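Q: Please take me on a close look at one part of this protein: the charged side chains that pair up. I am a first-year student, so kindly explain the terms as you go.

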Amino acid sequence: MKATKRQSASAGRKDKSIRSDCYVELTISGRGGISINLSSKVDALYGDSIRMLVKDVLSTMGVENAVVSIEDRGAVPFVIAARVEAAVRRALPDNKHAYLLRANSKRKASAKNCLRRTRLYLPGNDPRFFLNAGLHTPDCIILDLEDSVAPAEKDTARILVRNALRTVNFGNAERMVRINSGELGMEDLREVIPHGVETILIPKCESATYVSEVAELVTSLRDEMHIQQEVHLLPIIESARGVANALSIASSELVCGLAIGLEDYCADIGVQRTREGKESAFARGTVVNAASAAGVQPLDSVFSDVADLSALRISATESRSLGFKGMGCIHPRQIQVVHDVFTPDEKEVLKAQSVVLAFEHAKKSGSGVVALGSKMIDMPVVLQAMQTVSLAETLGLVQCDWRVNARKIVADSGLKEEENAE
């Protein structure tokens, strides 16, 4: 793409304290070829590779003549490529080309009802957090394009997140992206849908109509680009209006869960968020009820004090008792605490197995009564026990053939009803 006059732009962050990123200044002109000025501590080892990558990005985007200055602070290739591409797009707004690094090998896509005990938020314009995020083993990783990204950097973050989806190994974590609201969010979708995102978080969601608009674009992009992988939607309720419409939102197409954002919700109703949470009890209960009625997962908000893990444990325990299936995390140190709380302990699992065994025995014998000793077991208790056992199997806490030890399980559970175990 030839330029008839000099056009300049920059991308990335320049502060010397920045790590794992780079700052790119680009000037495009009508002649002179490509000139690259690189400042990097690893120039001796990787300078030639960096220059080759930059030239490849510019060539792909049709730029034949440009001066590029790069201040490298330990950026890996997908970051450098994203910053150069962003600078080109800023200098040439009509340039719609994209430089796509080779994608990692395909991984198994997430299921609609997969584990979402923890969702780790990562600022979408700060790549230093990306590379090791999977090592903390959250159930989900959220590359955030909304609140954590300054308005002026939305365009560059979008490209960076796209590249991360293609190249970064996030382990077994479900790959989520929180998009922006309105038209910005639609632009986010166009950039990330083709590149391996599994779930889209819809912030400040207030109506099923908007969820349908997002679903229609997601479906259209998948069809247009022949993407086989399903993409789920996770609306976040953050206002009084959103709470009022929670059931219709949760029942929308492609929705896998319903989350609540308590900071924005409390601001919307004009109260301060407290640790006790009385001010949000109605909203949280409504979200749990709506999600459960729609057959999707209710997911709680984040706990903002990253230093107080004891208080986090109390909050997570309350969250689970209300019916939530997981919480958001804003720091890796919160993950293990939340996992512990939302994982059934040995006593819970043993009791649940005993209930399931009693139910299966009653069903096999044709009895309409499920009993453990002198205690009658209602069907809601049986269903809850089945959910606990299923979760334990998913987490590897019990083997799928656990029934071979039925008598020992019943005895260890303390319910002592061996006659009901085959």
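**Charged pairs and their surroundings**

A: Let's start with two charged residues: Arg-83 and Asp-21 are both buried. Here, buried means under 20% relative accessible area, exposed means over 50%, and partly exposed lies in between, using a 1.4 Å probe and protein chains only. Before going further, keep in mind that this is a predicted model, in which local features need pLDDT of at least 70 and side-chain atom pairs count only at pLDDT 80 or more, while totals for chains, interfaces and linings use all residues. Residues are numbered from 1 along each chain as its sequence is written, and side-chain values use heavy atoms, with hydrogens and water left out.

Now, what brings our two residues together? Side chains of opposite charge can pair when their charged atoms come close. Arg-83 and Asp-21 form a salt bridge, with their closest N and O atoms 2.8 Å apart. The term stands for a side-chain nitrogen of Lys or Arg within 4 Å of a carboxyl oxygen of Asp or Glu. This pair joins distant parts of the chain, since Arg-83 sits in helix H2 and Asp-21 in strand E2, 62 residues apart. Helices (H or I, at least four residues) and strands (E, at least two) are DSSP runs, numbered from the N terminus.

A second bridge is worth a look. Asp-126 and Arg-13 meet through their side chains at 3.0 Å, N to O. Again distant parts of the chain are linked: Asp-126 belongs to the loop between E5 and E6, Arg-13 to the loop between strand E1 (7-12) and strand E2 (21-28), and 113 residues separate them. Asp-126 has a relative accessible area of 6%, so it counts as buried, whereas Arg-13, at 22%, is partly exposed. Both bridges have their place in a network of salt bridges that links Arg-13, Asp-21, Arg-83, Asp-126 and Arg-128.

Back in helix H2, there is another charged pair to find. Glu-85 and Arg-89 are joined by a salt bridge of 2.8 Å, N to O. Both residues lie in helix H2 and are 4 residues apart, about one turn of the helix. Glu-85 is buried, with 0% relative accessibility, and Arg-89 is partly exposed, with a relative accessible area of 23%. Across the structure, there are 29 salt bridges.

Helix H2 also takes part in a contact of another kind. Aromatic rings of Phe, Tyr and Trp (its six-membered ring) pair if their centres lie within 6.5 Å; planes under 30 degrees apart count as stacked, over 60 as edge-to-face and the rest as tilted. By this rule there is 1 aromatic pair. The ring centres of Phe-78 and Phe-130 are 6.4 Å apart and their planes are at 10°, so the pair is stacked. Phe-78 lies in helix H2 (residues 77-91) and Phe-130 in the loop between strand E5 (118-123) and strand E6 (140-144), so the pair ties together parts 52 residues apart in sequence. Both Phe-78 and Phe-130 are buried.

What about cysteines? A disulfide is a pair of cysteine sulfur atoms within 2.5 Å, and the whole structure holds 0 of them. For Cys-140, the nearest cysteine sulfur is that of Cys-114, 5.8 Å away. Cys-140 is buried, with a relative accessible area of 0%, and Cys-22 is buried as well, also at 0%.

For contrast, let's visit a residue at the surface. Leu-45, in helix H1 (residues 43-60), is exposed, with 69% relative accessibility.

Finally, let's step back to the protein around these pairs. Its secondary structure comes to 14 helices and 14 strands, and its C-alpha atoms fill a box of roughly 90 × 45 × 45 Å along the principal axes. Of the 422 residues, 50% are buried. Taking contact to mean heavy atoms within 4.5 Å, 72% of the contacts between residues at least 6 apart in sequence join residues at least 24 apart.
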